[in-house]
Every structure is written in C-alpha cells, then in structure tokens.
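I opened this model to look up how its helices sit, where its charged side chains pair, and what lines its pocket. My entries follow in the order in which I looked.

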Amino acid sequence: MCIRDRYTNTLKLQVDKYLFSPFEIQHAIIRGNTNPNKELFAKNDIESPTDNMMQMEEKKVFMFPRIDPLVNFGFYFPYKSNPPLKLFISHNVKDQLKEAAQDYLDKTVSFKEKNKLKLPGFLNFYKYDFNAVDNELIDFIEQHLPLSRKRDYEQWLVSRSGG
C-alpha cells in the first residue's frame, strides 16, 4: 500500500507495519545499504537517509543480502549519464535487465583512447555495487557488452597491454 507522508509530502510504501521511501527501497533494501553518497553526507555533517532507516533493527530483514549490479540498470533518474526509463515485466526481469545493461553500455562506453576506457558517470556513481575494484567493473563491462562491441573491447585490451 502506498501512502503520502504528511510531514515530508512524499510517497511511502507500507510493508507490514513499516513505511519505506523510494530512497530507502533503492539504497537500503535493494542495494543493501550501499548509499553511494555516504561520503558526501558525512563530509557535510548530514545524516544519511539510509543510516537513519537501518537504525531500526527490525527493518534490516528487508535488506537484500547480495547486490546484483544489473539492478542498477532498472533504476531511473533523469540525468544524462543514467540509463533511460524502461518498463520491466516481472516474469523475465533478469533478461530485461541484461538487455538494458547491454543497450546502455553499447551507447556509453568508449574504447577510443589507448590505455583509457571512457565510462559514464553512472557507472562511477554505483561503483560500490561492482565491488569498487576497477578490474571487476571492466569484467562486468566485458560480460555485458553486445557482441557488436566485443571487437572494440578486444582491441582496447591489446592496446592497453602494449601489443
């Protein structure tokens, strides 16, 4: 059930006796409390909304134990570097997320410069979901690039290794 919070004028989803904001659903539940802005909140001495949400021990049962990086391609924010808005159907959402990742990576990842991989800000913003290790992010990109871009990737790898 969805209700409007009369104090903040935001919609919240009611699950059992708990209310969740869209921010809490995205960052604290689906992404396992990996709010990418924790450093920003801390630097400005502001409490992170996910920190506040997860202080309630009972709500932690709703948190996903492991993040699948593909889930980020299903979120929508109207920023230039983010994936476009898409409708996903529950019976094959995993395949649709893979397709969304392929489409997005096809349009945004560039291998043009030797030894440099040009990535959109979106992938940097959610780098913690890719374990924040550059090689793991590169592995993810390789796995989810469309076949039409695999050759570009292989040429970039060769140029990177000096071959």
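**Helix H7**

I began on the outward side of H7, where Leu147 and Arg151 are exposed, exposed being over 50% relative accessible area, buried under 20% and partly exposed in between (1.4 Å probe, protein chains only). On the other side from these, I found Arg149, Tyr153 and Trp156 of H7 buried. These three cover an arc of only 60° around the axis, which puts them on the same side of H7; the arc is that of the directions from the helix axis to the C-beta atoms. H7 has 14 residues and reaches 20 Å from its first C-alpha to its last, close to the 20 Å expected at 1.5 Å a residue, where the expected span is 1.5 Å times one less than the number of residues.

I note here that this is a predicted model, in which local features need pLDDT of at least 70 and side-chain atom pairs count only at pLDDT 80 or more, while totals for chains, interfaces and linings use all residues. Residues are numbered from 1 along each chain as its sequence is written, and side-chain values use heavy atoms, with hydrogens and water left out.

**Overall layout**

I looked up the elements next: the protein has seven helices and three strands, and from the N terminus on they run β-β-β-α-α-α-α-α-α-α. Helices (H or I, at least four residues) and strands (E, at least two) are DSSP runs, numbered from the N terminus. Buried residues make up 34% of the 163 residues in the protein.

**Salt bridges**

How many salt bridges does the structure hold? I found four, a salt bridge being a side-chain nitrogen of Lys or Arg within 4 Å of a carboxyl oxygen of Asp or Glu. Side chains of opposite charge can pair when their charged atoms come close.

Staying with H7, I saw that Arg149 forms a salt bridge with Asp152, the closest N and O atoms being 3.0 Å apart. Arg149 and Asp152 are three residues apart in helix H7 (residues 147-160), so about one helical turn separates them. Arg149 is buried, with a relative accessible area of 11%, whereas Asp152 is partly exposed, with 31%. I also noted that Asp106, Arg149 and Asp152 are linked in a network of salt bridges.

The side chains of Asp68 and Lys94 meet in another salt bridge, at 2.3 Å from N to O. Asp68 lies in the loop between H3 and H4 and Lys94 in helix H4, so this pair ties together parts that are 26 residues apart in sequence. Asp68 counts as partly exposed at 24% relative accessibility, and Lys94 counts as partly exposed at 40%. I also checked Lys94 against Val71: the two are 23 residues apart in sequence and 8.6 Å apart in space, C-alpha to C-alpha.

For Lys86 and Asp103, I read a salt bridge of 3.3 Å, N to O. The pair links distant parts of the chain, with Lys86 in the loop between H3 and H4 and Asp103 in helix H4, 17 residues apart. Lys86 is partly exposed, with a relative accessible area of 34%, and Asp103 counts as partly exposed at 29%.

**Helix H4 and the loop before it**

H4 has 16 residues and reaches 22 Å from its first C-alpha to its last, close to the 22 Å expected at 1.5 Å a residue. In H4, I found Gln96, Leu97, Ala100, Ala101, Tyr104 and Leu105 buried. They cover an arc of only 165° around the axis, which puts them on the same side of H4.

In the loop between helix H3 (49-54) and helix H4 (93-108) I stopped at Arg66, which counts as exposed at 64% relative accessibility. The C-alpha atoms of Arg66 and Ile30 are separated by 8.7 Å, although these residues are 36 apart along the chain.

**Largest pocket**

Which residues are closest to the centre of the largest pocket? About 220 Å³ of space lies in this pocket, and of the 13 residues that line it, the closest to its centre are His27, Phe77, Tyr79, Phe125 and Tyr126. The elements that give two or more residues to the lining are helix H1 (22-30) and helix H5 (121-125), and H1 gives the most, with four residues. On a 1 Å grid over the protein atoms alone, a pocket is an open set of points where a 1.4 Å probe fits, with protein on both sides within 12 Å along at least five of seven lines, and lining residues have an atom within 4 Å of a point. Grid points are joined across faces, edges and corners, and the volume is the space filled by probe spheres set on the points.

By class, I noted seven nonpolar, six polar and no charged residues in the lining of the largest pocket. Ala, Val, Leu, Ile, Met, Phe, Trp, Tyr, Cys and Pro count as nonpolar, Asp, Glu, Lys and Arg as charged, and the others, Gly among them, as polar.
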